[in-house]
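Let's take a walk through this structure together, one region at a time. Have the sequence and the 3D view ready, and follow along as we go.

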Amino acid sequence: MANTSPPDSSRRSERSRRAIFDAALALVGEVGYDKLTIEGIASRAGVGKQTIYRWWPSKAAVLLDAFTAGVDEYDAKGLPDTGDLAADLKSVLRATADEFNDPAFQAPYRALAAAGANDEELSRTFVARLMEPGTQLYVDRLRAAQETGELAGDIDVRIAVEMLLSPFSQRWLMRTGELTHEYVDTLVDQVLRGLRPRD
């Protein structure tokens with residue numbers, strides 16, 4: 001007997017969503033954010049543009065969802081805790097530098113940063129969904145180091161994380177210098193020097 005069950009619409013929708021994400025990320029790297037269009041994304045993904053507008057109000061919203069699709073999986077892992085805070089931070093930030101230097105990562109991230117500068121709602125969403133979860137991982141790791149005595153007990157852990165991540169982000173976003181492993185190692189060493197317990 002032929003299978004007469006209706007197609008799984010949720011599976012079809014997920015395939016379309018994944019195709020839209022892939023198209024948005026590919027196109028922003030190829031043509032840049034200014035020339036990225038909903039029509040172009042739809043054409044590349046093989047869907048109608050009304051399908052995209054049914055799920056997202058703008059190209060920035062599509063790109064944000066595409067870029068943050070894997071964030072939850074990343075957050076669940078946390079930062080390594082080998083008992084050596086400096087080594088752990090250097091390992092993570094070296095990997096982050098490699099990612100930030102990857103053109104496939106740079107294009108959507110820079111596009112979202114630029115769009116967020118002129119769109120407060122997009123900026124807040126970008127921070128809440130991407131930046132804040134990542135920052136919290138560092139907060140948790142530094143707090144654990146504080147509890148074991150690696151860091152001074154009276155420091156503000158949130159500000160300590162910002163001391164570490166802000167120069168990294170500024171260097172990359174403004175292109176004031178290269179993001180190298182040597183830079184990362186120096187940054188970690190200098191920040192931690194000011195956070196260690198005083199003898």
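**A leucine and its surroundings**

Leaving aside residues up to four places away in sequence, Leu 122 touches Ala 60, Leu 64, Leu 112, Ala 115 and Gly 116. Keep in mind as you look that this is a predicted model. Leu 122 sits in helix H8, and it counts as buried because its relative accessibility is 9%, where the cut-off for buried is under 20%. For a sense of scale, try Pro 80: it is 42 residues from Leu 122 along the chain, and the two C-alpha atoms are separated by 31 Å.

Two of the contacts of Leu 122, Ala 60 and Leu 64, lead us to helix H4. Is each of these two residues buried or exposed? Both Ala 60 and Leu 64 are buried, and so are Lys 59, Ala 61, Val 62, Leu 63, Asp 65, Ala 66 and Phe 67 of H4. Because nine of its nine residues are buried, H4 is largely enclosed by the rest of the structure.

Now let's step back to the overall layout. The chain is divided into domain 1, residues 9-66, and domain 2, residues 85-195. Taken over C-alpha atoms, the centres of domain 1 and domain 2 are 29 Å apart. How many residues of each domain are in contact with the other? Eight residues of domain 1 are in contact with nine residues of domain 2.

Both domains also come together around a pocket. The second largest pocket draws at least three lining residues from each of domain 1 and domain 2, and it holds about 180 Å³ of space. Our starting residue, Leu 122, is part of this lining, together with Pro 57, Ser 58, Ala 60, Ala 61, Leu 64, Asp 65, Asp 119, Glu 121, Thr 125 and Arg 129. Helix H4 (59-67) and helix H8 (120-147) each supply at least two of the lining residues. By class, the lining of this pocket has five nonpolar, two polar and four charged residues.

Another stretch to pick out in your view is residues 37-56. An unreviewed UniProt entry annotates this span as "DNA-binding region". In the model, the span is 75% helix and 0% strand, and its end C-alpha atoms lie 13 Å apart.

Next, look at Phe 168 in helix H9, residues 157-173. Phe 168 counts as buried because its relative accessibility is 3%. Not counting residues up to four places away in sequence, Phe 168 touches Leu 93, Thr 96, Ala 97, Phe 100, Leu 179, Tyr 183, Val 184 and Leu 187. One of these partners, Leu 179, is 11 residues from Phe 168 in sequence, and the two are 7.6 Å apart in space, C-alpha to C-alpha.

Thr 96, another partner of Phe 168, is found in helix H6, residues 85-100. With the same sequence neighbours left out, Thr 96 touches Tyr 138 as well as Phe 168. Thr 96 counts as buried because its relative accessibility is 16%.

Our last stop is the loop between H9 and helix H10 (181-195), where you will find Arg 175. What is the phi of Arg 175? Although Arg 175 is not a glycine, its phi is positive, at about 55°. Arg 175 is exposed because its relative accessible area is 59%, and the cut-off for exposed is over 50%.

How values were computed:
Residues are numbered from 1 along each chain as its sequence is written. This is a predicted model: local features need pLDDT of at least 70, side-chain atom pairs count only at pLDDT 80 or more; totals for chains, interfaces and linings use all residues. Side-chain values use heavy atoms; hydrogens and water are left out. On a 1 Å grid over the protein atoms alone, a cavity is a set of points where a 1.4 Å probe fits but cannot get out, and a pocket is an open set with protein on both sides within 12 Å along at least five of seven lines; lining residues have an atom within 4 Å of a point. Grid points are joined across faces, edges and corners, and a volume is the space filled by probe spheres set on the points. Helices (H or I, at least four residues) and strands (E, at least two) are DSSP runs, numbered from the N terminus. Ala, Val, Leu, Ile, Met, Phe, Trp, Tyr, Cys and Pro count as nonpolar, Asp, Glu, Lys and Arg as charged, and the others, Gly among them, as polar. Domain bounds come from an automatic or database domain assignment. Buried means under 20% relative accessible area, exposed over 50%, partly exposed in between (1.4 Å probe, protein chains only). Contact means heavy atoms within 4.5 Å. UniProt positions are given in the numbering used here, feature names are shortened, and annotations may be inferred rather than shown by experiment.
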